[in-house]
Amino acid sequence: MLKSMTGYGSASQDDSNGKYTVEIKSLNSKFLELNLKLPKSYSDKEFFLRTESAKLVERGKVIISVAVENGAETKGAQINHGLLKAYYQELKETAASLGEETTNLLSTILTLPEVVKFDESAVSEEEWKMVWSTFQLAMNDFQKFRADEGAVLELDLIQRIENILHLMSEVEKHEPKRVPVFKERLQTLLTDVVGKDNVDQNRLEQELIYYIDKFDITEEKVRLKSHCDYFIKAIKGADANGKKLGFISQEIGREINTMGSKANDASIQRLVVGMKEELEKIKEQLLNVL
């Protein structure tokens with residue numbers, strides 16, 4: 001079962017202490033890039049939430065925002081008035097000496113170290129349970145979104161693999177035509193160069209055998225069919241993941257490229273180009289598979 005790396009989930013709950021909201025967003029990425037935004041009063045819970053999020057999210061560029069309204073974040077905030085005044089006086093004098101505006105001075109000072117402190121003890125066990133419960137609800141919503149998107153991707157990928165297999169079956173229809181055409185071309189070339197009576201038929205047959213073996217794509221077709229079947233099997237497996245499917249798609253690409261280099265036929269070349277187009281779309285989709 002596939003999951004998309006792109007996802008969104010949110011949840012919100014209320015109790016007598018306030019309103020708790022958790023929002024989770026993710027985009028595709030080769031690795032896990034986790035940005036966790038928490039109220040400062042919950043900073044001691046950051047490691048726990050980060051660890052749990054990494055287990056559940058696995059991979060992707062993820063932003064998790066936790067907001068608490070009218071809860072511990074408000075009750076636990078304390079302003080150091082003495083430090084604020086000292087900062088204000090110092091910055092006001094500095095601004096005056098430089099001829100700068102002091103309009104936004106207060107908002108700047110509030111962001112300076114130790115001006116606003118948060119009492120972590122203000123977060124009660126009851127409030128933390130509400131945050132954790134809301135987080136779990138949002139994560140469930142997020143995982144459902146990923147699974148739904150993954151189901152759409154799965155159908156598209158399977159269809160494209162089937163398109164490649166169909167194009168390969170069309171290649172098989174053109175294969176028998178190659179040898180007579182090549183034999184006629186070689187016969188004409190030798191006749192033009194040395195004359196019809198001087199053509200060594202034994203040598204001609206040897207050359208034909210050499211080139212027929214060189215143009216043979218039986219092995220490539222067998223391997224391509226095997227890789228495509230394995231791709232579909234991997235998609236439907238319990239441990240389906242984008243990296244594994246990416247490796248299989250690379251093997252599919254190798255067989256298609258070799259088939260194209262051996263084709264020696266315009267019709268087969270056109271079909272190979274069609275296979276490559278389908279494979280490129282597969283690779284694009286895999287960038288968004290978990």
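**Exercise 1. Placing a lysine**

Find the helix that holds K262 in this predicted model, then work out how K262 is connected to the rest of the chain.

*Solution.* Start with the address: K262 is part of helix α8. Next, check its exposure. The relative accessible area of K262 is 23%, and buried would need a value under 20%, so K262 ends up as partly exposed.

Now look at who sits around it. Skipping residues up to four places away in sequence, K262 touches R178, K214, F215, D216, I217 and E220. One of these, D216, offers its backbone oxygen, and the side chain of K262 reaches that oxygen at 3.3 Å. Another, E220, is 42 residues away from K262 in sequence, yet the two C-alpha atoms are 9.8 Å apart in space.

**Exercise 2. α7 against α8**

Describe how α7 and α8 pack, and say which direction they run relative to each other.

*Solution.* Begin with the geometry. Helix α7 covers residues 218–236 and helix α8 covers residues 242–262; their axes are 9 Å apart and meet at an angle of about 160°. Angles over 145 degrees count as roughly antiparallel, so that is the label for α7 and α8. As for handedness, their crossing is left-handed.

Then go through the residues. On the α7 side you'll find E220, K221, R223, L224, H227, C228, Y230, F231, A234 and I235, and they meet a set in α8 that includes L245, I248, I252, I256, M259 and K262. Sorted by class, this contact has 11 nonpolar, three polar and seven charged residues.

**Exercise 3. The other partner of α8**

Work out how α8 packs with α9, and what kinds of residue make up the contact.

*Solution.* Same routine. The axes of α8 and α9 are 10 Å apart, at an angle of about 165°. That again makes the pair roughly antiparallel, and the crossing of α8 and α9 is left-handed.

For the contact, α8 brings residues including L245, G246, S249, I252, G253 and I256, while α9 brings Q269, V272, M275, K276, L279, K283 and L286. The class count comes to eight nonpolar, six polar and two charged residues.

Zoom in on V272, which sits in helix α9 (residues 266–286). Its relative accessibility is 2%, so V272 counts as buried. Beyond its neighbours within four places in sequence, V272 is in contact with I256, M259 and G260. With I256, the C-alpha to C-alpha distance is 6.6 Å across 16 residues of sequence.

**Exercise 4. A serine ahead of β1**

Is S4 buried or exposed, and what does its side chain reach?

*Solution.* First, locate S4: it lies in the segment before β1 (7–15). Its relative accessibility is 0%, so S4 counts as buried. The side chain of S4 reaches the backbone nitrogen of T6 at 3.0 Å. Further along the chain, S4 touches R146, E149, G150, L153, N288 and L290, once residues up to four places away are left out.

**Exercise 5. Zooming out**

Summarise the whole chain, then pick out the backbone oddity at E58.

*Solution.* The chain has nine helices and six strands. Of its 290 residues, 37% count as buried. Take the contacts with a separation of 6 or more: 80% of them are between residues 24 or more positions apart.

Finally, E58 is in the loop between α1 (46–57) and β4 (60–69). E58 isn't a glycine, but its phi is positive, at about 70°.

Definitions and conventions. Residues are numbered from 1 along each chain as its sequence is written. Side-chain values use heavy atoms; hydrogens and water are left out. Axes are lines fitted to C-alpha atoms, for helices over the stretch in contact, and angles run from 0 to 180 degrees between N-to-C directions. Helices (H or I, at least four residues) and strands (E, at least two) are DSSP runs, numbered from the N terminus. Angles under 35 degrees count as roughly parallel, over 145 as roughly antiparallel, 65 to 115 as roughly perpendicular and the rest as oblique. A crossing is left-handed if the near helix is turned anticlockwise from the far one by less than a right angle, and right-handed if clockwise. Contact means heavy atoms within 4.5 Å. Ala, Val, Leu, Ile, Met, Phe, Trp, Tyr, Cys and Pro count as nonpolar, Asp, Glu, Lys and Arg as charged, and the others, Gly among them, as polar. Buried means under 20% relative accessible area, exposed over 50%, partly exposed in between (1.4 Å probe, protein chains only). A polar contact is a pair of N or O atoms within 3.5 Å; within protein, one must be able to donate a hydrogen and the other to accept it, and residues adjacent in sequence count only if both atoms are side-chain atoms.
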